[in-house]
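Work through the exercises below with the sequence and the model at hand, and try each task before reading its solution.

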2 protein chains.
Amino acid sequence: MITVAQALEHVFALVAPVDIEEIPLAQAAGRVLARPVSAKRSQPPFAASAMDGYALKAAEAEPDAMFKVIGEAAAGHAFEGSVGPGQAVRIFTGAPIPDGADRVIIQEDVGRTGDLISLNRDMDEGFHIRPAGGDFVEGATLDAPRRLSPANIALMASMNIAHVPVRRRPVVAIIATGDELVMPGETPGPDQIIASNSFGLKAMLEAEGAEVRLLPIAKDTVASLKAVFDLAKDADLILTIGGASVGDHDLVAQVAEDLGMDRSFYKVAMRPGKPLMAGRLGSAAMVGLPGNPVSAMVCGQIFVVPALRVMLGLEAAPAPRRRGVLAIDIDANGPREHYMRARQTDEGLAPFGRQDSSLLTILSDAQALVVRPPNDPARKAGDTVEYLPI
Amino acid sequence: MITVAQALEHVFALVAPVDIEEIPLAQAAGRVLARPVSAKRSQPPFAASAMDGYALKAAEAEPDAMFKVIGEAAAGHAFEGSVGPGQAVRIFTGAPIPDGADRVIIQEDVGRTGDLISLNRDMDEGFHIRPAGGDFVEGATLDAPRRLSPANIALMASMNIAHVPVRRRPVVAIIATGDELVMPGETPGPDQIIASNSFGLKAMLEAEGAEVRLLPIAKDTVASLKAVFDLAKDADLILTIGGASVGDHDLVAQVAEDLGMDRSFYKVAMRPGKPLMAGRLGSAAMVGLPGNPVSAMVCGQIFVVPALRVMLGLEAAPAPRRRGVLAIDIDANGPREHYMRARQTDEGLAPFGRQDSSLLTILSDAQALVVRPPNDPARKAGDTVEYLPI
């Protein structure tokens with residue numbers, strides 16, 4: 001058996017960033033920017049008023065000074081003339097500062113009668129002018145790679161970037177295997193169960209930016225497995241679920257090898273999720289996930305999500321961990337890295353008592369996976385541990 | 001001016017949960033479950049083997065004991081007979097436990113010659129049987145409301161729930177207003193800028209589950225505003241951006257009131273984002289956001305996202321805050337609640353020096369909004385503060 005870190009390195013070696021596509025800005029949120037983009041203009045493009053008030057010459061802005069209002073500047077409507085001595089222009093937030101003016105007196109500090117204004121004795125000291133290019137200048141870049149946040153989208157709009165170069169969505173084909181499986185909505189036989197892992201993994205990977213195809217369930221025969229693998233040929237990543245163990249009925253590895261899979265490894269010292277394999281099959285990467293529901297989902301989180309991030313052009317890195325305190329005592333760990341389902345409580349992380357890898361209810365109720373290194377000693381309530389939020 | 005908490009209560013009073021729709025399970029991730037759903041079967045539906053090995057009578061499982069292998073049980077293929085004294089059935093993970101057997105000896109603890117097996121002297125003590133209904137029993141519920149996680153989806157699949165009752169996506173119409181605005185990709189005039197808030201807000205609200213419609217930019221005329229409001233009639237929530245201030249050119253409040261808006265409030269003691277209004281306009285809730293880019297985005301986070309969660313049937317609650325330490329000293333706060341854009345560094349939260357509400361670059365680079373209560377005193381590096389991750 002190899003360690004989780006070693007297995008993850010193997011998985012990273014199997015994948016590479018996918019192609020770049022240009023998409024409209026309005027569809028780019030959550031996608032991964034593939035190349036830096038440059039501002040097509042400065043923002044603001046002109047010195048602009050930060051407040052509603054009167055634009056005039058700063059040198060004349062004395063208490064009680066009077067000015068003649070010679071015009072108006074609003075956002076989108078510049079004042080075309082120039083502000084001379086003793087003159088002011090009524091101005092609104094976002095309007096270009098008129099030539100000759102270099103300060104805005106906020107309207108609360110001004111009294112107005114007809115075309116005349118007088119400044120108050122006590123005035124706000126600010127100049128209330130946003131300099132041209134104060135936010136960014138033409139050519140300023142938004143760096144890549146990065147997953148585009150709502151604020152990134154707003155910034156690119158402001159930069160007048162209408163189309164965005166992003167990594168296309170990696171195509172992930174999911175193959176659930178096993179004669180015991182039927183699809184949700186079907187009527188299972190007395191010795192059958194419902195395929196659940198494929199639906200959970202689809203949700204997990206779509207949230208990361210994949211285009212997921214749920215292929216038909218493969219039966220435990222060479223012919224059925226080959227037929228379903230054939231449907232996955234053009235995927236970037238093929239995930240099989242089940243059949244990666246050593247039982248006589250686990251045909252997936254055998255069929256994949258018949259089809260030319262170059263297998264990278266077989267078993268990983270982790271819990272849940274021991275049986276796992278990975279390799280390349282034609283132009284696709286392939287990861288074989290264990291069939292136990294929780295094992296499949298945890299391996300998805302630990303191996304597949306980081307692999308998908310590499311395919312999206314992001315850094316090859318393990319799933320980010322946080323540090324938290326335990327709410328309860330927990331026993332010593334065995335020789336495998338253990339990802340314990342846990343609740344987040346007011347007192348800290350509370351791993352569930354039942355950790356069997358078949359229990360989806362426990363995974364569904366968990367907010368965290370507490371990570372136990374191999375042979376980690378017993379831990380007390382209040383001890384700090386690492387965990388993955390889920 | 002009213003406080004942020006008061007304003008949020010007003011906004012909550014304007015919105016209510018939207019209708020429920022039934023959607024296919026494969027599309028339900030991230031949606032909000034509207035009603036509890038019940039398992040249509042127990043899982044496992046039968047006592048099942050947790051390992052590959054041999055099923056036999058526990059009372060006979062003595063070291064060196066020998067058994068005759070009378071058949072095989074695999075996942076999806078039960079052994080139809082019964083296990084008698086001195087008999088064993090070859091069994092694989094997930095297979096039903098045959099009648100008469102009540103323990104599985106893992107294959108590593110067994111030697112086999114033809115049809116005969118003998119148990120090792122040292123055996124794993126586990127019984128390796130998952131009892132019927134050990135994960136959940138028929139009728140067990142997944143509670144609502146909740147946003148559906150990948151694990152929830154896997155669990156519902158396992159419960160054979162093929163269609164899921166969720167809140168439909170609330171329709172949010174976004175109206176950017178102002179003669180100074182053009183759309184990304186257009187060529188702005190010398191006193192114009194690019195509409196950015198609407199794109200950032202669209203990304204923010206779609207991530208929360210809204211169906212967002214970007215309406216045409218409204219010019220600063222009564223006719224243009226009325227025409228665009230008319231396009232928003234069937235929305236659940238109308239957001240206007242800009243024009244909610246007190247300047248002579250801010251027509252939005254006036255036009256909305258002409259159209260029958262019942263206005264809830266006008267100004268909120270927060271920074272950025274002071275001018276803000278909300279009310280009801282026909283069957284829609286309406287929130288008027290300030291026009292400064294960062295103000296609009298922060299108000300979106302503080303008011304609109306929580307309102308959307310109420311529309312999705314979730315709890316009426318402020319945006320969840322976390323606690324973190326400051327990496328640097330910061331000055332005392334003024335009378336308004338201040339949301340300071342900050343980086344997450346190894347040393348803690350580092351608010352940016354420039355906090356002007358026009359600076360999208362700073363928002364784009366920020367990972368957190370540090371929340372300063374009104375009149376919060378100066379804080380030192382190492383002090384604990386509240387923040388919103390963004």
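**Exercise 1. Find what Ala48(A) touches beyond its neighbours in sequence, and decide whether Ala48(A) is buried or exposed.**

Solution. Begin with the contacts: when residues up to four places away in sequence are not counted, Ala48(A) touches Gly94(A), Ala95(A), Pro96(A), Ile97(A), His128(A), Ile129(A) and Arg130(A). Bear in mind throughout that this is a predicted model. Next, place the residue, which is found in strand β4 of chain A, a strand made of residues 48-49. Then consider accessibility: a residue is called buried when its relative accessible area is under 20%, and Ala48(A), at 4%, therefore counts as buried. Finally, take a distance within the chain: Ala48(A) and Ala74(A) are 26 residues apart along the chain, and their C-alpha atoms are separated by 9.9 Å.

**Exercise 2. Examine the backbone of His128(A) and of Asp64(A), and say what sign phi has in each.**

Solution. His128(A), one of the residues touched by Ala48(A), has a positive phi of about 55 degrees although it is not a glycine. Its place is in the loop between β10 (116-119) and β11 (129-130) of chain A. Turn now to Asp64(A), where phi is near 70 degrees, again a positive value in a residue other than glycine. Asp64(A) belongs to the loop between β5 (53-56) and β6 (66-73) of chain A, and with a relative accessible area of 39% it is partly exposed.

**Exercise 3. Which kind of peptide bond joins Arg271(B) and Pro272(B), and where does Pro272(B) lie?**

Solution. Look at the omega angle, which is about -5 degrees between Arg271(B) and Pro272(B); the bond is cis. Then locate Pro272(B), which is in the loop between β21 (270-271) and β22 (275-281) of chain B. In chain A, the peptide bond from Arg271(A) to Pro272(A) is cis as well, with omega near -5 degrees.

**Exercise 4. Set Ile175(B) beside Asp99(B), and determine for each whether it is buried or exposed.**

Solution. Start with Ile175(B), whose place is in strand β15 of chain B, residues 171-176. Its relative accessible area is 1%, and Ile175(B) is therefore buried. Leaving aside neighbours within four places in sequence, its contacts include Leu215(B), Ala218(B), Val228(B), Phe229(B) and Ile241(B). The C-alpha atoms of Ile175(B) and Arg213(B) are separated by 8.9 Å, with these positions 38 residues apart along the chain.

Continue with Asp99(B), which lies in the loop between β7 (87-91) and β8 (103-106) of chain B. Here the relative accessible area is 54%, and since exposed means over 50%, Asp99(B) is exposed. Not counting residues up to four places away in sequence, Asp99(B) touches Gly81(B), Ser82(B) and Val83(B). The C-alpha atoms of Asp99(B) and Ser357(B), 258 residues apart along the chain, are separated by 72 Å.

**Exercise 5. Describe how helix α1 and helix α6 of chain B cross, and which residues meet there.**

Solution. Two packed helices are described by the angle between their axes and the distance between the axes. For α1 (residues 4-14) and α6 (residues 293-311) of chain B, the axes come within 10 Å and cross at roughly 35 degrees. The crossing of α1(B) and α6(B) is right-handed. On the α1(B) side, the residues are Val4(B), Ala7(B), Leu8(B), Val11(B) and Phe12(B), and they meet Ile302(B), Phe303(B), Pro306(B), Ala307(B) and Val310(B) in α6(B). Sorting the residues of this contact gives ten nonpolar, no polar and no charged.

**Exercise 6. Characterise chain A as a whole, and then state how chain B can be laid on chain A.**

Solution. Chain A has seven helices and 28 strands. Its radius of gyration is 31 Å, whereas a compact globule of 390 residues would have one near 21 Å. Along the principal axes, the C-alpha trace of chain A spans about 95 × 50 × 40 Å. Buried residues make up 56% of the 390 residues in chain A.

For the second part, a turn of 180 degrees and a shift of 0.0 Å along the axis lay chain B on chain A with an RMSD of 0.0 Å. The two copies are therefore related as by a two-fold rotation axis. Of the residues of chain B, Ala207(B) comes closest to this axis, at 5.2 Å for its C-alpha. The same surface serves both copies, as 100% of the contact residues of chain B recur in chain A.

Notes: Residues are numbered from 1 along each chain as its sequence is written. Chains are lettered from A and ligands numbered from 1 in the order in which they are written. This is a predicted model: local features need pLDDT of at least 70, side-chain atom pairs count only at pLDDT 80 or more; totals for chains, interfaces and linings use all residues. Side-chain values use heavy atoms; hydrogens and water are left out. Axes are lines fitted to C-alpha atoms, for helices over the stretch in contact, and angles run from 0 to 180 degrees between N-to-C directions. Helices (H or I, at least four residues) and strands (E, at least two) are DSSP runs, numbered from the N terminus. A crossing is left-handed if the near helix is turned anticlockwise from the far one by less than a right angle, and right-handed if clockwise. Contact means heavy atoms within 4.5 Å. Ala, Val, Leu, Ile, Met, Phe, Trp, Tyr, Cys and Pro count as nonpolar, Asp, Glu, Lys and Arg as charged, and the others, Gly among them, as polar. Copies are superposed by least squares on the C-alpha atoms of residues with pLDDT of at least 70 in both. The radius of gyration is taken over C-alpha atoms; the globule rule is 2.2 Å times the number of residues to the power 0.38. Buried means under 20% relative accessible area, exposed over 50%, partly exposed in between (1.4 Å probe, protein chains only).
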